[in-house]
Amino acid sequence: MSISGPLGSLPIPNFIHKRLFSQSSSNRSLNINNINPHVKEAKYAVRGELAIKSEQYRAQLAKGEGKDLPFDSVISANIGNPQQLDQKPITFFRQVASLVENPQLLEKEEVLKNGLGYKSDVIERAKKLLKDVKSVGAYSQSQGAPGIRQSVADFIERRDGYSADPQNIYLCGGASAGVNALMSVLCASPQTGVLVPIPQYPLYTATLSLLNAQMVPYYLKEESQWSTDVGGMRTALKEAQKKGIDVRAVVVINPGNPTGASLAADHISSVLELAAEEKLVVLADEVYQTNVFEGKFQSFKKSLRELQSSEKNKGGKFDYIELASLHSISKGMVGECGHRGGYYEMVGFDPEVVAQIYKFVSIMLCPPVVGQCLVETMVNPPVEGDPSYPLYREEYDTIFQNLKQRAFALYNAFKEMEGVECQPPQGSMYLYPTINLPQKAIEAAKKEGKNPDDFYCLSLLDATGICIVPGSGFGQKEGTLHFRTTFLAPGTDWVSRITEFHRKFLDEYR
Ligand SMILES: Cc1ncc(COP(=O)(O)O)c(C=O)c1O
């Protein structure tokens, strides 16, 4: 097609042709064929087809229209969203948040104390935060309020026994925003590669798709409680390098999502050794650091400092490791994911690179300020002797114990299910069992054009109202099938819904 003008007939440029003659929406600028293709490529299964369908069921039930459904409630076990599943917010956090949000209440201290049960440390904390941020309705520094960053640095120092510098702390709107900033700066070209564990939380693959960079998978070892195999990591790295991929970073999720695995200190050191040898930036996603049921959480930062001060560092081998460690208010006993707060600490980075990261986050102005305040309360909670401590301790321990109990109840149920193999719960909020499905079920899935694990999870949703996520959403070894479920939903009734469904499903396709 061409256009005629004073210079004769000219071909219509491709982009104008698409805009003018697109089938799908001729009156609009945008259509599915002309938007950013990398957005179309990105996949995010935890909020995918199944989650959408489960929300439709929920809406149907709420309107009283679901009389013919075989269930009377929808259980969202697809996403680590603690408070949506009835986890109670911790009182101290919310009381402080209420005061920073509405400082006028501070003029009525007597009412707060005697009428509403606010303790004096809540009031002091709110005043301290307001002094730092002035108002939660104001933009803060791009990197986050200085006093809050200082609290984060103090927390890291208490946790690890090594000092932390508030200049190296970046507050962010949830760990996702931190990952986005870091990845955006380090992905320089379509040949940039990042080592990502498989299975993984799909934020990483999705972000790499958006940035048109390469995901370099390394497989976690299911048979040894989903441990991180540094040998496998090295092989994946070498293979990618042979293909001309510039592998620059390695992501480690500890404790793991979806696996729940908790990394031992020697594994962390091995990853750091590989990073030193191969000049890899380490992105340590530690958002589940308080969700640990077995052993003790060890941070990458602590392991790095230990290595740096050990005999192994004679030639300064570990001096230049670039480590970014992320934490969040979304998980653990805090569960304030709707408030969008988190931080990352960067050590070992070139100051010129840091300046670009600073510029990148400045473009977004600042992370949500109430979220920043909640980060402060998370890293600096009441301690023994503080008036709010007894209630804080009770609430925190109850949430932890309930999570642990539910994790094991689910694990025990999975152990009894035919064809299901599950690693014992170690941490985070998830179990990721293998499912061995009968051939007939695999064929039935194929007939419907679905992956067998998608088919299984969809059948479970339709039969029980329970929404889980198929393993294909996180990645799994060729020829294996899994699903991920959270253990956040209260009660145990829904666990028996799964076991009953599973029995019937196997009988149907045996
Ligand atoms: C491993 C991991 N990292 C990051 C996130 C995102 O956390 P945030 O809500 O802080 O953005 C999640 C959320 O589920 C996660 O599981």
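Two strands pair if DSSP finds at least two bridges between them. Keep that in mind for the close-ups below, which all come from a predicted model.

**Close-up 1. Strand S9 and the strands it pairs with.** Start with strand S9, residues 323-328, and its partner S10, residues 342-347: six bridges join the two, and they run antiparallel. To find your place, look for Ser328, which stands opposite Gly342 in S10. S9 also has a partner in strand S8 (residues 281-285), this time with four bridges and a parallel run. Here the spot to look for is Val282, standing opposite Leu323 in S9. To get from S8 to S9, the chain passes through helix H12 (residues 300-308), making a β-α-β crossover that is right-handed.

**Close-up 2. The two faces of strand S9.** Which residues of S9 point one way, and which the other way? Leu323, Ser325 and His327 make up one set, while Ala324, Leu326 and Ser328 make up the other. Whichever set you pick, its residues are buried. That's six out of six, and the strand is mostly covered.

**Close-up 3. Zooming in on Leu326.** This leucine is found in strand S9. Why does Leu326 count as buried? It has 24 other C-beta atoms within 10 Å, and a residue is called buried if that count is 20 or more. Skip its neighbours within four places in sequence, and Leu326 still has plenty to touch: its contacts include Ala175, Gly178 and Val179, along with Ala284, Asp285, Gly342 and Tyr344. For a sense of scale, try Met378: it sits 52 residues from Leu326 along the chain, and their C-alpha atoms are separated by 14 Å.

**Close-up 4. Helix H9 among its neighbours.** Helix H9 covers residues 203-210, and six of its eight residues are buried, so the rest of the structure largely encloses it. The buried ones are Leu203, Tyr204, Thr205, Ala206, Thr207 and Leu208. What do they pack against? You'll find helix H8 (175-186) there, plus strands S5 (192-198), S6 (214-219) and S7 (246-253). Just after H9, check out Asn212, which takes a positive phi of about 55°.

**Close-up 5. Around the ligand.** How many residues surround the ligand? There are 14, and the closest are Gly174, Ala175, Ser176, Ser328 and Ser330. Sort the shell by type and you get six nonpolar residues, seven polar and one charged. Two names here may ring a bell: Ser328 is one of the buried residues of S9, and Ala175 is among the contacts of Leu326.

Key: Residues numbered from 1 in each chain as written. Predicted model: local features only at pLDDT ≥ 70, side-chain atom pairs only at ≥ 80, totals over all residues. Buried ≥ 20, exposed ≤ 12 C-beta atoms within 10 Å, placed from the backbone. Contact = placed C-beta atoms within 7 Å. Near = placed C-beta within 6 Å. Nonpolar A, V, L, I, M, F, W, Y, C, P; charged D, E, K, R; others polar. Right-handed = clockwise from strand over helix to strand, strands pointing away.
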